[in-house]
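User: I would like to learn how to read the features of a protein model one at a time. Could you take me through them, giving the general idea before the particular case?

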Amino acid sequence: RYISMKTEQHASAVRQLLVSTRVSSLKPPAPVAVLKDTATVEQLLEVLADKKIMSAPVVVAPDGDAGQSPLLDAQTPADILGFIDIRDVLNSFLAEFDMAALDEVKLLQRMRILEEKGAA
């Protein structure tokens, strides 16, 4: 019974924390990196690494904007396509490989195969 009461008190305290804590108090606001749909995967990875972030919103690039900066000024209105994160890139990359064949080789051989496939 004592453990059950403590668990209920703990759950109540956690619930109160979740209800009363605002997202703005978790982390100070930072500029948002907004990627255009015309950005290349290389540009995407550079932006994510540079900004030390794992994901970013992707928007429809304004007409005639291809080939310029992969980033859109956050103040420029644009239609949001969604978010892309590093997992999306990795999953897309790994979908190109025969994972069953990779499972049969040692780690260094896997790395060599991945490197060769990436250079092709």
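**Reading the features**

Analyst: In this predicted model, the side chains of Asp85 and Arg87 meet in a salt bridge, with a distance of 3.9 Å from N to O. The general idea is that side chains of opposite charge can pair when their charged atoms come close. The structure holds one salt bridge.

User: Is Arg87 buried or exposed?

Analyst: Arg87 counts as exposed because its relative accessible area is 53%, and the cut-off for that class is over 50%.

User: How many helices and strands should I look for in the protein chain, and in what pattern do they follow one another along the sequence?

Analyst: The protein chain has five helices and four strands, and, read along the sequence, these elements give the pattern α-β-α-β-β-β-α-α-α. Of the 120 residues in the chain, 16% count as buried.

User: How do I read the sheet, and what is the order of its strands?

Analyst: As a general idea, the strands of a sheet pair through backbone hydrogen bonds, in either a parallel or an antiparallel sense. Here, four strands make up an open sheet with mixed pairing, in the order β3-β1-β2-β4. Strands β3 (71–72) and β4 (80–85) stand at the edges with a single partner strand each, so one side of each has no neighbour in the sheet.

User: In which sense do β2 and β4 pair, and over how many bridges?

Analyst: Strand β2, which covers residues 55–59, pairs with β4 in the antiparallel sense over five bridges. One residue to follow by eye is Ser55, whose bridge partner in β4 is Asp85; Asp85 is also the residue whose side chain meets that of Arg87 in the salt bridge.

User: How should I read empty space, and how much of it lies in the largest pocket?

Analyst: The general idea is that rolling a probe the size of a water molecule over the atoms shows where empty space is left. In this model the largest pocket holds about 250 Å³ of space. Its lining consists of 13 residues, and those nearest its centre are Ala30, Pro31, Val32, Ala33 and Ile53. Strand β2 gives the most to this lining, with three residues.

User: Which residues form the nonpolar patch on the surface?

Analyst: The patch is formed by Val41, Leu45, Met54 and Ile86, which together have about 340 Å² of accessible area. Among them, Leu45 has its place in helix α2, which spans residues 41–51. Leu45 counts as partly exposed because its relative accessibility is 33%, a value that fits the patch cut-off of over 30%.

Note on methods
Residues numbered from 1 in each chain as written. Predicted model: local features only at pLDDT ≥ 70, side-chain atom pairs only at ≥ 80, totals over all residues. Heavy atoms only, no water. Patch = residues over 30% accessible without salt bridge, like charges linked within 9 Å, V, L, I, M, F, W, Y side chains within 5 Å. Areas by Shrake-Rupley, 256 points an atom, 1.4 Å probe, with all protein chains shown as cover. Salt bridge = Lys/Arg side-chain N within 4 Å of Asp/Glu carboxyl O. Helix = DSSP H or I, 4+ residues; strand = E, 2+ residues; numbered from the N terminus. Buried < 20%, exposed > 50% of the residue type's maximum accessible area, 1.4 Å probe, protein only. Pairing = 2+ DSSP bridges. 1 Å grid on protein atoms, 1.4 Å probe; cavity = no way out; pocket = protein on both sides within 12 Å on 5 of 7 lines; lining within 4 Å. Points joined across faces, edges and corners; volume = space filled by probe spheres on them.
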